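Got your viewer open? Let's take a short walk through some charged pairs, one selection at a time.

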Amino acid sequence: MCPAAANGVVAVKPTLGAVSQRGIVPIARSQDTAGPFGRSVADVALLLRVLTGSGESGAAPRESLAGLRIGVVRNYLGAGRLPVVESALAQTLTRLTALQADIVDDVNPEGPPDGAEHAVLIAEFRDGIGRYLAGVRRGPRTLDALVAFNAKHARTVMPLFGQELFLEALSSQGTSDPRYRVAIDAIAASRTALAAEFERRNLVALVAPVNAPAWRSEQKAGDRVPVSSSSIAAVSGFPSVVVPVAMAGELPLGVAIIGRPGTEAQLLEIAALVERSRGPFPEPGFLPSAADQVPVARTSLPPFPRR
């Protein structure tokens with residue numbers, strides 16, 4: 001969801017299983033899903049209906065959010081680090097309140113233990129990429145052959161990075177590894193806890209910042225993501241809609257609206273009202289690349305986000 005927010009567009013990550021994984025190069029089958037990007041909520045809603053094969057909703061569009069309880073996520077990765085992100089969230093909450101939503105502040109979902117998501121990714125990737133490559137018409141047909149091809153042609157296909165994750169997957173036992181079952185069980189427990197929090201507080205959605213102002217990726221240091229909440233929906237398989245809500249200089253900021261499984265239509269209704277309340281969003285200026293507009297201290301940031 002971060003790519004959509006960083007580029008100032010709307011996106012939907014559907015409930016896991018709502019869209020077929022056929023044709024998607026697999027990373028982790030328990031998380032992989034396709035979803036549309038678009039310039040507006042109406043555009044992505046139309047595309048989502050195409051992807052899922054569902055018909056017109058037929059329901060009259062909402063004019064307010066009266067009676068809907070929306071929780072505010074305050075424990076996202078990087079919470080409190082960037083005033084521009086906090087300001088964008090505050091603006092969004094003001095709009096939701098004006099739309100008569102009942103704001104529940106705060107809700108702090110807890111994800112699985114550190115390392116669980118990575119363990120699942122490595123194990124499911126090993127098995128999934130093997131099945132995928134077995135069906136390709138040309139090129140490597142196994143993970144072993146893919147790793148060997150990359151090593152042989154490293155100057156061409158890996159001039160700036162290596163294949164550490166491929167090698168880690170290759171040396172793993174895949175989904176037969178006992179650590180995989182431990183990780184899957186931990187993720188299932190966090191998913192159950194998230195669903196229980198929705199139920200306990202009678203929430204229809206959560207709202208959280210998605211991104212910091214877009215950063216520069218560096219060849220040696222890689223990405224240093226200062227703000228993220230995407231793993232809440234990604235790891236749980238719950239649906240999420242991203243809407244751009246503010247600008248930090250020339251760079252867009254977005255929020256995620258996360259709901260229970262199967263509630264994409266309701267999330268899109270909420271997003272449409274946020275979008276309408278926000279007004280027209282600035283179009284990209286296609287400016288020359290420049291230094292980061294909002295400095296972030298790199299020394300305190302983890303290389304990979306959990307939220």
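Is Glu269 buried, partly exposed or exposed? Select Glu269 and show its surface: it counts as partly exposed, because its relative accessibility is 25%. Keep in mind that you're looking at a predicted model.

Leave Glu269 on screen and add Arg62. Their side chains meet in a salt bridge, 3.4 Å from N to O. Now colour by secondary structure. Glu269 sits in helix α10 (residues 264–278), while Arg62 is in the loop between α2 (41–52) and β3 (69–73). The pair links distant parts of the chain, 207 residues apart. Arg62 is partly exposed too, with a relative accessible area of 28%.

Next stop: helix α8, residues 178–200. Select Glu197 and Arg200, which both lie in this helix, three residues apart, or about one turn. They form a salt bridge, with the closest N and O atoms 3.0 Å apart. Which of the two is buried? Glu197 is, with a relative accessible area of 19%; the cut-off for buried is under 20%. Arg200, on the other hand, counts as exposed at 58% relative accessibility.

Don't deselect Glu197 yet; add Arg201. Arg201 also forms a salt bridge with Glu197, its closest N and O atoms being 3.0 Å apart. Arg201 counts as partly exposed, at 22% relative accessibility. Show the three side chains together and you have a network of salt bridges linking Glu197, Arg200 and Arg201.

Want to keep exploring? The structure holds 10 salt bridges, including the ones on this tour.

Terms used:
Residues are numbered from 1 along each chain as its sequence is written. This is a predicted model: local features need pLDDT of at least 70, side-chain atom pairs count only at pLDDT 80 or more; totals for chains, interfaces and linings use all residues. Side-chain values use heavy atoms; hydrogens and water are left out. A salt bridge is a side-chain nitrogen of Lys or Arg within 4 Å of a carboxyl oxygen of Asp or Glu. Helices (H or I, at least four residues) and strands (E, at least two) are DSSP runs, numbered from the N terminus. Buried means under 20% relative accessible area, exposed over 50%, partly exposed in between (1.4 Å probe, protein chains only).
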